[in-house]
Amino acid sequence: LNIYNSANVLIARNDNWQTPVTINASFPGASAADITAATTAVGLTPGRPREDPAVLRRRLRLEHDRHRTVLVGFGGMGLAVEPTLFEAWPEHHFLAADPGLDCGASNLTRIPGDLRPLEVMPLCGRILTKPGYSTFCEALSLGVGVQLVQRQGFAEAPVLEADLQRHGWHRLLTRAQLEGGDWQLDQPLLPPTAEPLASGGEQAAAVHVQTLARTLARTLATQP
């Protein structure tokens, strides 16, 4: 990684964050360990629902209580689920976030195109989904349990799964369990092994980035 200033002068270099290389004393090289040590924890950085949950409940004609309403979404995995797998859970109602999940099951409602899945999350007790940072942030900040289908070959999955188990109510399923209907919705969610993460991290992160940007601007202003 090479970084140049506006005059096309090399000011920093790093070999994949391994061995620090200092080109300019104002920008000392840093290793991955240095970067980790300088990390600022800000908590969850979720999006925020904008719709009134009571209005949405009437609009979607939901009759089940929150704990039996399940948001389902596997964006990026290309999963299709047979209607019989949804109908095997007649005491639950499902809200589908993906077009491919709109299979005609009698206890499934496709989320209208003008609504983000985030808007209906407060209506749900669980979300059946794949590993995803944004989804985890939103679910944990809203107190929604995560019924997680494990994903192979996704570099971030092991880290996300481990952090979910540390900080959120959860239950993990394999792909085979999903496709075989063993969704365990009748089983309690497992409690986190550590303290919950603070919400409002998006505001703390914005302030931190602004501070860093001002510091960098002042540093660059002193460069020849």
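1. Strand 1 and strand 2, the latter made up of residues 10–14, run antiparallel and are joined by three bridges. Within this pairing, and bearing in mind that the model is a predicted one, N2 can be found opposite R13 of strand 2. The two strands belong to an open sheet of three strands, whose order is 1-2-3 and whose pairing is antiparallel. Strand 1 (2–4) and strand 3 (20–21) are the edges of this sheet, and each has a single partner strand, so one side of each is left without a neighbour in the sheet.

2. A second sheet deserves separate attention. This open sheet has six strands in the order 6-5-4-7-8-9, and its pairing is parallel. Its edge strands are strand 6 (108–110) and strand 9 (170–173), each of which pairs on one side only. On average, and with direction ignored, neighbouring strands of this sheet are turned by 20° against each other.

3. Two helices can be placed against this six-stranded sheet. Helix 5, residues 133–142, packs on the sheet by touching strand 7 and strand 8 (145–149), and its direction makes about 150° with that of strand 8. Helix 6 also packs on the sheet, where it touches strand 8 and strand 9, and the angle between its direction and that of strand 9 is about 145°.

4. How is strand 4 placed with respect to the rest of the structure? Five of its five residues are buried, so strand 4 is largely enclosed by the rest of the structure. The residues of strand 4 point in two directions, with T69, L71 and G73 on one side and V70 and V72 on the other, and all are buried. Strand 4 pairs with strand 5 in the parallel sense over four bridges, and here F94 of strand 5 is the bridge partner of V70. Strand 4 also pairs with strand 7 (residues 126–129), again in the parallel sense and over four bridges, with T129 of strand 7 as the bridge partner of G73.

5. The largest nonpolar core contains 20 residues, and those with the most contacts inside it are V72, F74, F86, F94, L128, L178 and W183. Strand 4 (69–73), helix 3 (83–87) and strand 5 (93–96) are the elements that give two or more residues to this core. F94 may serve as a point of entry for the reader: leaving aside its neighbours within four places in sequence, F94 is in contact with V70, V72, F86, W89, N107, L108, T109, W183 and L185. There is also a second, separate core of 19 residues, which includes I111, L115, C124 and L164.

6. Which side chain of opposite charge is nearest to E161, and how far away is it? E161 lies in helix 6, which spans residues 157–167. This residue is buried yet has no salt bridge, and the nearest side chain of opposite charge, that of R151, is 9.1 Å away. For a salt bridge, a side-chain nitrogen of Lys or Arg has to be within 4 Å of a carboxyl oxygen of Asp or Glu. Residues up to four places away in sequence not being counted, E161 touches P131, L148, Q150, R151 and L172.

7. Turning to charged pairs, a search of the whole structure finds five salt bridges. One of them joins the side chains of R59 and D114, with an N to O distance of 2.9 Å. This pair links distant parts of the chain, 55 residues apart, as R59 lies in helix 2 (residues 53–60) and D114 in the loop between strand 6 and helix 4 (117–120). R59 is partly exposed, with a relative accessible area of 42%, whereas D114 is exposed at 55%.

8. Another salt bridge is formed by E119 with R116, whose closest N and O atoms are 2.5 Å apart. Is E119 buried or exposed? E119 is buried, with a relative accessible area of 3%, while R116 is partly exposed, with a value of 29%.

9. Helix 6 contains a further charged pair, R166 and D163. Their side chains meet in a salt bridge with an N to O distance of 2.1 Å. Being three residues apart in helix 6, R166 and D163 are separated by about one helical turn. R166 counts as partly exposed at 35% relative accessibility, and D163 likewise counts as partly exposed, at 31%.

Methods:
Residues are numbered from 1 along each chain as its sequence is written. This is a predicted model: local features need pLDDT of at least 70, side-chain atom pairs count only at pLDDT 80 or more; totals for chains, interfaces and linings use all residues. Side-chain values use heavy atoms; hydrogens and water are left out. Two strands pair if DSSP finds at least two bridges between them. A nonpolar core is a set of buried Ala, Val, Leu, Ile, Met, Phe, Trp, Tyr and Cys residues joined through side-chain atoms within 4.5 Å. Buried means under 20% relative accessible area, exposed over 50%, partly exposed in between (1.4 Å probe, protein chains only). Contact means heavy atoms within 4.5 Å. Lys and Arg count as positive and Asp and Glu as negative; His and the chain ends are not counted. Axes are lines fitted to C-alpha atoms, for helices over the stretch in contact, and angles run from 0 to 180 degrees between N-to-C directions.
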